[in-house]
Amino acid sequence: MRKDRIVIGLVVFLVFSVIAIGSVRAQTYRWRLGTIQAPSSFTGEGLSLFAKKVAEKTKGQMKIQIGFSSVFGSLKELVPAVTMGSVEMMVEAQNWWDTIDKNRKIYVFPYTFSDWDHMTVYVKSPMWQAELKKLDSQNIHMIFPDPQKPILWKKGPTRVILSKRPIWSAKDLEGLKLRLYESELAKRVWKHMGCNITVVDWAESYLALKQGMVEAITTPLSETYDMKFHEVAPYITDINEFLQFFAVVVNKPKWDKLPPKIQRAMIESANETALWSNEHLDRRAESDLQKMMGEGAFFIRTSLKSFSDKIAPLAKVLEDEGMWRKGLFDDIQKLKK
């Protein structure tokens, strides 16, 4: 009898062990990542690489489904979706989430940052840390490395305006029918520059240009060719209005529930993807530019002085109106090396 009890006990132990092991293996995570980018775009390639790296590093415990081309919503829709957790994460430029922190509006004020060195110094500053804490308080967590060794996933590498007619100086912007994204600041900036503004979702912008609803669009150079904007707006002017880098942003309550090893894997994957993207960005942008010119587009590189001179007075006006905190613009300028 004793042997029988021992055998039964071992069987029960093994059964519960198998169940326990199965439970551990079943603890997987399936997150959705929202983006407006097309899967064939350079950014789309980077996002696919990020998801692949996360799956590999977690041995399949975390799998990320990417909703390319606004499948999970436009940028305007994704920001609240990630805040509420109905979509777990999104990847877009660092200037988004200005509805949570008004100081982020300054990222898209033209020529606030002079170059990438200037931007990197800012990311190392207490001002940037204060922004991250503000986002955390509103259920938004930005996956970011050690701020003293920031790896910025650059977007661009420069911003251009594509138009149906050539843009050589700020004067050529007067009366221009410009497509914009939903942003109070962007509207103020481009109205100040003399443009007539129409807000159009990114995915619908090609058709808006083709049908004449708008006659120009601003965009990072690296995202131009795959969207085929040059087919309907062949004049491409390098305006480099502001610097952007991609931010991997997640719902904070869901992030906090992840095991530390999965968090580390996602941070490492984001950093490795940023390094890969930065390494290939300039070459990809130059290749795309050559292809667009080969298909009939014209590339214009002109002095930016007329653009920066015209926009400069608006900075103080917006600051006085409370667009961002008093003194922020000057504080950023003081960081220049």
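This report walks through a sheet, some pockets and cavities, and a few buried residues of one protein chain. Keep in mind that the structure is a predicted model.

**The six-stranded sheet**

Let's start with the sheet. Strands of a sheet pair through backbone hydrogen bonds, either parallel or antiparallel. Here, six strands form an open sheet in the order 8-7-9-6-10-12, and the pairing is mixed. At its edges sit strand 8 (196-199) and strand 12 (298-300), each of which pairs on one side only. If you ignore direction, neighbouring strands of this sheet are turned against each other by 30 degrees on average.

Want to zoom in on one pair? Strand 6 (residues 159-163) and strand 10 (residues 235-238) run antiparallel, and four bridges join them. You can find one of the partners yourself: V160 has D238 in strand 10 as its bridge partner.

**Pockets and cavities**

Now for the empty spaces. Here are the two largest pockets and the two largest cavities, side by side.

| Space | Volume | Lining by class |
|---|---|---|
| Largest pocket | about 340 Å³ | 12 nonpolar, seven polar, eight charged residues |
| Second largest pocket | about 240 Å³ | five nonpolar, two polar, five charged residues |
| Largest cavity | about 90 Å³ | 12 nonpolar, one polar, no charged residues |
| Second largest cavity | about 60 Å³ | eight nonpolar, no polar, one charged residues |

Take the largest pocket, with about 340 Å³ of space. It is lined by 27 residues, and those closest to its centre are I36, L75, W96, R179 and Y181. Three elements give two or more residues to this lining: helix 3 (75-84), strand 7 (177-180) and strand 9 (216-220). Which strand gives the most to the lining of the largest pocket? That's strand 9, with three residues. Strands 7 and 9 should ring a bell, since both belong to the six-stranded sheet.

In the second largest pocket, helix 3 gives the most to the lining, with four residues. The residues around this pocket include L75, K76, V79 and P80, along with W96, W97 and D98. L75 and W96 were also among the residues closest to the centre of the largest pocket.

Cavities come next, and there are four of 30 Å³ or more. The largest cavity holds about 90 Å³ of space. Closest to its centre, out of 13 lining residues, are I143, F144, I151, W153 and F246. Strand 11 (244-251) and helix 9 (260-294) each supply at least two residues of this lining, and strand 11 has the largest share, with four. Its lining has no charged residues.

In the second largest cavity, the lining residues include P110, Y111, V189, W190 and E241. Helix 6 (184-192) and helix 10 (305-320) each supply at least two residues there.

**A closer look at helix 3**

Helix 3 came up with both pockets, but parts of it are tucked away too: L75, L78, V79, A81 and V82 are buried. What covers these buried residues? Strand 1 (29-34), strand 3 (89-93), strand 4 and strand 11 are included in the cover. Just after helix 3 comes G85, with a positive phi near 90 degrees.

**Two buried residues**

I143 is one of the residues closest to the centre of the largest cavity, and its place is in strand 4 (residues 140-143). Is I143 buried or exposed? Its relative accessible area is 7%, and buried means under 20%, so I143 is buried. Leaving aside neighbours within four places in sequence, I143 touches V248, V250, W255, M266, I267 and A270. V248 and V250 fall within strand 11 (244-251), while M266, I267 and A270 fall within helix 9 (260-294). The chain also brings I143 together with Q263: they are 120 residues apart along the chain, yet 8.9 Å separates their C-alpha atoms.

The other residue is S205, found in helix 7 (residues 205-211). S205 counts as buried because its relative accessibility is 1%. Beyond its neighbours within four places in sequence, S205 is in contact with R179, V200, I217 and F229. One of these partners, R179, is also among the residues closest to the centre of the largest pocket.

Methods
Residues are numbered from 1 along each chain as its sequence is written. This is a predicted model: local features need pLDDT of at least 70, side-chain atom pairs count only at pLDDT 80 or more; totals for chains, interfaces and linings use all residues. Side-chain values use heavy atoms; hydrogens and water are left out. Buried means under 20% relative accessible area, exposed over 50%, partly exposed in between (1.4 Å probe, protein chains only). Contact means heavy atoms within 4.5 Å. Two strands pair if DSSP finds at least two bridges between them. Axes are lines fitted to C-alpha atoms, for helices over the stretch in contact, and angles run from 0 to 180 degrees between N-to-C directions. On a 1 Å grid over the protein atoms alone, a cavity is a set of points where a 1.4 Å probe fits but cannot get out, and a pocket is an open set with protein on both sides within 12 Å along at least five of seven lines; lining residues have an atom within 4 Å of a point. Grid points are joined across faces, edges and corners, and a volume is the space filled by probe spheres set on the points. Ala, Val, Leu, Ile, Met, Phe, Trp, Tyr, Cys and Pro count as nonpolar, Asp, Glu, Lys and Arg as charged, and the others, Gly among them, as polar.
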